[in-house]
Amino acid sequence: MRIAIAGAGNVGRSIAQELIDNGHQVMLIERQPKMLRPDRVPAAEWVLADACELASLEEANVAGCEVVVAATGDDKVNLVVSLLAKTEFAVPRVVARVNRAENEWLFTEQWGVDVAVSKPRVMAALVEEAVTVGDLVRLMTFRQGEANLVEITLPPTAPYVGEPIHAVPIPRDAALVAILRGKRVLVPSPDDPIEAGDELVFVCTAAVEDEVRAVILGPDSVERTRDRA
């Protein structure tokens, strides 16, 4: 894929190198001359320009990119870049970095954002994922489709422990995409049994999260969660 990244700081450069290592063509757009460091990511295309300016994005041929990543340290800039990429250049996929947690509510499809990556939310989710057993933890939100990546670590008391996956009435608009068991990542198949301690990873809409929780952990789990809140 051809991918444009606005912001060539540590975050932007790290993303660029990772994508290049995975075989993608990457363009880094940076407006501060002192931040232009082609030697740091020599395989990237470097462009000195303001990604908030329509003419600059046109000159960089952002319309020819499959993905735009707004990765600057300024949330206002990231929102403007996202909106221009989506509305002016019809970029299929726009990913935006959220720097301040209180601004996260702005990073929606109305601003052209398909996926918002909030470092505070991701860090909190990873902490919860590491220590929480018997509850649903939201790992990531995919804004445009209103879908979430969620994880549940099964306690021994979960109703379907020992049962095959095909026996679990997974709600509509939810899909079990992986089982983490010890150091293994398992692709679920209908006859695989689930075990206590398994980490079940689902993609589901926000509307059915409570249903997923109720099925996997038992009907009273939703009420227990609300009581803690």
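Here are legends for three close-up views of this predicted model. Residues are numbered from 1 along each chain as its sequence is written, and side-chain values use heavy atoms, with hydrogens and water left out. Local features need pLDDT of at least 70 and side-chain atom pairs count only at pLDDT 80 or more, while totals for chains, interfaces and linings use all residues.

**View 1. The largest pocket comes in at about 260 Å³.** Of its 20 lining residues, Gly7, Glu30, Arg31, Gln32 and Thr72 sit closest to the centre. A pocket here is an open set of points on a 1 Å grid where a 1.4 Å probe fits, with protein on both sides within 12 Å along at least five of seven lines; lining residues have an atom within 4 Å of a point. Helix 1 (10-21) and strand 2 (25-30) each chip in at least two lining residues.

**View 2. Helix 3 (residues 75-87) spans the length you'd expect.** At 1.5 Å a residue (times one less than the residue count), its 13 residues should cover 18 Å, and the end C-alpha atoms are indeed 18 Å apart. Asp74 caps the N-terminal end, with a side-chain oxygen 2.8 Å from the backbone nitrogen of Lys76. Among the helix's buried residues (under 20% relative accessible area, 1.4 Å probe, protein chains only) are Val77, Leu79, Val81 and Leu84. Strand 1 (2-6) and strand 5 (93-98) are among the elements that cover the buried residues of helix 3.

**View 3. Ala158 sits in the loop between strand 8 (147-153) and strand 9 (174-181).** Ala158 counts as buried because its relative accessibility is 6%. Gly134 is 24 residues from Ala158 in sequence, yet their C-alpha atoms are 7.9 Å apart.

Notes: Grid points are joined across faces, edges and corners, and a volume is the space filled by probe spheres set on the points. Helices (H or I, at least four residues) and strands (E, at least two) are DSSP runs, numbered from the N terminus. Buried means under 20% relative accessible area, exposed over 50%, partly exposed in between (1.4 Å probe, protein chains only). Contact means heavy atoms within 4.5 Å. A polar contact is a pair of N or O atoms within 3.5 Å; within protein, one must be able to donate a hydrogen and the other to accept it, and residues adjacent in sequence count only if both atoms are side-chain atoms.
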